[in-house]
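Please look over the chain below. This report covers its aromatic rings, a charged group over a ring, and two polar residues.

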Amino acid sequence: MMLGTTIYRYDTDHDVMYVQLENYTPAESVHYVDDEILPNINEVRDVRNEDLVGFVILDYRRNKPELVKRYPEYFF
């Protein structure tokens with residue numbers, strides 16, 4: 001993964017969106033945890049410093065309006 005790029009990966013079979021923000025590096029993935037902030041919307045944070053590094057969104061099509069409202073910098 002290139003640093004400085006946000007990656008969006010959509011699982012069409014399960015309607016799940018995976019988002020990796022630019023400060024995420026897969027080699028450090030053991031240090032990350034999901035926190036459910038709303039039903040079916042999880043923030044992925046670095047447990048060492050609480051930095052937001054991504055999202056996992058279940059039922060993405062239904063939850064997209066809330067994501068756009070809460071996180072307009074990542075979802076449009």
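## Aromatic cluster

Tyr8, Phe55, Tyr71, Tyr74 and Phe75 are joined into a cluster by ring pairs. The model is predicted. The count of aromatic pairs comes to five.

One of them is Tyr8 with Phe75. Their ring centres lie 6.3 Å apart, and the planes meet at 80°, an edge-to-face arrangement. This pair links distant parts of the chain. Tyr8 belongs to strand E1 (residues 7-11), while Phe75 falls in the segment after H1, 67 residues apart. Tyr8 has a relative accessible area of 36%, so Tyr8 is partly exposed. Phe75 has 3% relative accessibility, so Phe75 counts as buried.

Phe55 and Tyr71 also pair. The centres are 4.7 Å apart with planes at 65°. The pair is edge-to-face because that angle is over 60 degrees. Phe55 sits in strand E5 and Tyr71 in the segment after H1, so this pair ties together parts 16 residues apart in sequence. Both Phe55 and Tyr71 are buried.

## Charge over a ring

Arg9 places its charged end over the ring of Tyr18. The distance to the ring centre is 4.7 Å.

## Asn42

Asn42 is part of strand E4 (residues 41-46). Its relative accessible area is 12%; Asn42 is buried because the cut-off is under 20%.

What does the side chain of Asn42 approach with a polar atom? The backbone nitrogen of Glu36 lies 3.5 Å from that polar atom. Glu36 also appears in the contact list of Asn42, which leaves aside neighbours within four places in sequence. The other residues in that list are Asp34, Asp35, Gly54, Phe55 and Val56. Phe55 is a member of the aromatic cluster too.

## Asp59

Asp59 lies in the loop between strand E5 (52-57) and helix H1 (60-70). Is Asp59 buried or partly exposed? Its relative accessibility is 29%, so Asp59 counts as partly exposed.

The side chains of Asp59 and Asn40 are joined by a polar contact of 3.3 Å. Not counting residues up to four places away in sequence, Asp59 touches Asn40 and Asp15. Val16 is 43 residues from Asp59 along the chain, yet their C-alpha atoms are separated by 5.9 Å.

Notes
Residues numbered from 1 in each chain as written. Predicted model: local features only at pLDDT ≥ 70, side-chain atom pairs only at ≥ 80, totals over all residues. Heavy atoms only, no water. Helix = DSSP H or I, 4+ residues; strand = E, 2+ residues; numbered from the N terminus. Buried < 20%, exposed > 50% of the residue type's maximum accessible area, 1.4 Å probe, protein only. Polar contact = N/O pair within 3.5 Å; in protein donor to acceptor, adjacent residues only side chain to side chain. Contact = heavy atoms within 4.5 Å. Phe/Tyr/Trp six-rings, centres within 6.5 Å; stacked < 30°, edge-to-face > 60°. Lys NZ or Arg CZ within 6 Å of the ring centre and 35° of its normal.
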